[in-house]
2 protein chains.
Amino acid sequence: MSTSSSRVVDVHTHMYPPRYVELLESRDTIPLIRKFPGAEDPRYIILPAEAESLKNIGDDASSSHLPGRPVTSHYSSLKQKIHFMDTHKIDISVISLANPWLDFVASEEAGETAKTVNQEFSSMCAEYPGRLFFFATLPLTAPTDVLLSSIENVKNLKYCRGVILGTSGLGKGLDDPNLLPVFKALAANNLLIFLHPHYGLPSEVWGPRATEEYGHVLPLALGFPLETTIAVARMYLAGVFEQVPSLRMLLAHSGGTLPFLAGRIESCIVHDGHLVREGKVGPGRRTIWEILKEQVYLDAVIYSEVGLKAAIEASGVDRLMFGTDHPFFPPLGSDEQGVWESMSWNREAVEKALGVGSEGMERVMGGNAVEILRLREDEV
Amino acid sequence: MSTSSSRVVDVHTHMYPPRYVELLESRDTIPLIRKFPGAEDPRYIILPAEAESLKNIGDDASSSHLPGRPVTSHYSSLKQKIHFMDTHKIDISVISLANPWLDFVASEEAGETAKTVNQEFSSMCAEYPGRLFFFATLPLTAPTDVLLSSIENVKNLKYCRGVILGTSGLGKGLDDPNLLPVFKALAANNLLIFLHPHYGLPSEVWGPRATEEYGHVLPLALGFPLETTIAVARMYLAGVFEQVPSLRMLLAHSGGTLPFLAGRIESCIVHDGHLVREGKVGPGRRTIWEILKEQVYLDAVIYSEVGLKAAIEASGVDRLMFGTDHPFFPPLGSDEQGVWESMSWNREAVEKALGVGSEGMERVMGGNAVEILRLREDEV
């Protein structure tokens with residue numbers, strides 16, 4: 001094992017434990033997992049456009065146009081996760097349930113389901129002590145008391161370092177005042193929020209040709225990061241970061257587009273007649289730049305030197321953390337056991353932006369995560 | 001007048017000529033201009049949320065919460081434009097009609113309206129020869145033959161250097177195959193397209209608190225650049241840049257978010273099963289990075305060093321052109337005759353990113369525009 005300072009840590013890497021897969025297999029509206037006769041792997045269907053093509057396809061497995069993505073062994077096999085880590089020289093992974101988490105679970109079941117899922121994550125981490133940690137899942141559809149007690153529950157789980165959260169919150173977004181007790185409880189328990197998109201944008205914005213012709217590119221490449229950007233901007237304008245000053249958030253995909261758009265956000269705020277009249281623009285106002293440098297961390301899942309540099313300049317080299325988004329975006333047309341571009345492109349971006357072997361590179365590739373998420377061996 | 005290489009050129013600056021203001025004043029659905037008794041300036045109302053508050057407000061001018069933005073003399077007075085240029089040491093402005101251009105004009109009137117508006121722009125430029133050029137407006141709602149003949153018309157206007165275009169095209173977006181003849185005619189006539197947003201995103205993405213509490217920040221700060229990003233990504237995926245290789249586009253607001261998201265777009269393309277199966281991912285495919293460096297120009301209206309650097313790294317220092325977005329975003333609570341942040345923030349971003357007095361700075365502040373848009377005195 002390499003030294004602490006040169007460890008490679010993947011903070012953006014998903015697992016679907018068995019109980020969650022069963023849940024998805026039992027469903028007939030998205031999100032769902034469906035098997036097709038003759039197809040090697042079941043398909044995971046999460047996007048509205050995929051649900052549309054599901055209606056037309058029946059059970060015809062001979063089609064090479066099955067909707068969604070194959071649920072390979074990478075999704076729920078812990079051995080595959082460790083194999084992926086070994087192949088790509090990743091020392092530690094902070095695993096999390098992927099979207100849409102438990103957003104779709106009925107209120108009365110959410111608490112127990114969350115407990116089961118988080119227990120499964122705990123057990124997986126315990127199988128490889130020191131190599132695996134996790135972000136827990138909250139039962140956001142559950143009654144408030146169940147939701148708050150689930151935070152008490154996960155803070156006592158040995159390998160838990162935070163929670164993964166989508167942008168819908170309790171159904172009205174993350175600027176919903178009813179979420180403040182949740183944010184306060186997470187902050188009080190030193191649980192980082194890993195904010196991750198799922199809902200994208202309304203499908204009409206992709207235009208009439210998108211579903212047939214552009215694959216999943218537009219909702220995944222643009223919808224996801226734009227959703228994250230909007231969610232954080234709404235939290236910022238609602239004053240959530242002021243009201244919960246110890247709140248810490250790790251933003252997926254290098255903050256969506258926040259590093260690039262922060263300047264425009266600031267310009268639109270200081271030039272907004274409504275905000276100025278309401279006294280919201282004046283001395284002492286914390287800018288979005290300050291939030292990015294003080295309460296936000298960014299993953300380094302941005303696939304380019306250009307984007308990564310902007311992220312580093314916006315938040316600081318001590319706030320970026322490497323990630324892969326595994327098991328999504330597997331290599332196509334070649335051996336899935338080989339090197340994944342999600343590793344090589346994101347690693348190359350760090351190398352180009354900061355220099356191979358530089359202190360900055362060691363920080364982004366793992367040093368920051370070890371410190372921020374308390375991943376040292378004596379902290380297990 | 002400073003030397004050619006150190007000229008300051010503003011490529012993103014709008015004017016509302018008298019005929020267009022009359023058109024807006026005659027309307028009772030957005031976009032419209034309305035006068036309120038007692039209010040100093042009429043209000044220009046373009047966003048759906050503003051139309052909502054218009055319903056509730058009646059003609060009560062005593063309210064300090066009038067919807068929209070004041071139509072000051074900056075909107076249609078050529079003297080004010082020149083005064084703004086002189087105050088901010090801008091040598092040349094390439095003026096354009098602002099959103100939503102003629103998108104709302106009835107088919108049978110569009111051709112004549114465009115001709116009138118473009119003639120008014122020509123006359124304004126002729127009043128200050130060498131200091132003003134313009135991007136013309138196309139009658140996109142007109143029948144195809146009228147639309148195509150309007151391109152023939154504007155190419156012969158002495159001070160015209162391109163056309164300004166929104167993202168709706170003929171109503172189905174810029175990836176509409178019916179637009180190809182328009183793009184080809186523009187490219188054949190060496191007319192640059194200045195792509196500018198107007199429609200933003202569906203208002204539900206801003207959440208229930210936005211209209212009341214966040215002013216216009218979200219639709220303007222995020223909706224506009226996201227709209228541009230989506231429009232160009234759709235054109236790219238539809239192969240428009242391949243089919244019209246001499247097409248040149250200047251993207252408003254430094255490309256929306258394209259420089260930051262180009263890496264993710266590329267990753268989503270090479271990992272898309274549908275596109276791979278269709279043979280659209282393979283040797284010879286031009287990446288979005290190549291489009292950004294070969295067929296796209298970016299304005300420098302991004303209000304931060306972080307964003308501007310990313311834009312420069314994505315497209316190259318020889319493809320960025322300074323702009324102000326005047327007359328939008330006037331200073332609030334102080335003298336509108338003073339220095340506008342749209343000038344100072346964007347100029348500071350260039351200074352910080354490239355160095356005061358550097359060759360790169362001279363290029364971005366004006367040298368690039370002089371070359372790309374043929375603005376030398378002997379080219380008038």
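**Two chains and two domains**

Between chain B and chain A there are two salt bridges, a salt bridge being a side-chain nitrogen of Lys or Arg within 4 Å of a carboxyl oxygen of Asp or Glu. One of them joins B:Lys309 to A:Glu313, whose closest N and O atoms are 3.3 Å apart. This is a predicted model, in which local features need pLDDT of at least 70 and side-chain atom pairs count only at pLDDT 80 or more, while totals for chains, interfaces and linings use all residues. Residues are numbered from 1 along each chain as its sequence is written, chains are lettered from A in the order in which they are written, and side-chain values use heavy atoms, with hydrogens and water left out.

In the pairing of the chains, 73 residues of chain B are in contact with 73 residues of chain A, contact meaning heavy atoms within 4.5 Å. Together the two chains bury about 6,400 Å², 69% of it on carbon and sulfur atoms; buried area is the accessible area (1.4 Å probe) that two parts lose on being put together, summed over both. On the side of chain B, B:Phe260, B:Arg264 and B:His271 supply 14% of the area buried against chain A, more than any other three residues.

Within chain A, domain 1 (4-15 + 88-379) is set apart from domain 2 (17-70), with bounds that come from an automatic or database domain assignment. Their C-alpha centres lie 26 Å apart, and their contact takes 20 residues from domain 1 and 15 residues from domain 2. These domains of chain A bury about 1,400 Å² between them, 75% of it on carbon and sulfur atoms, and the count of salt bridges between them is zero.
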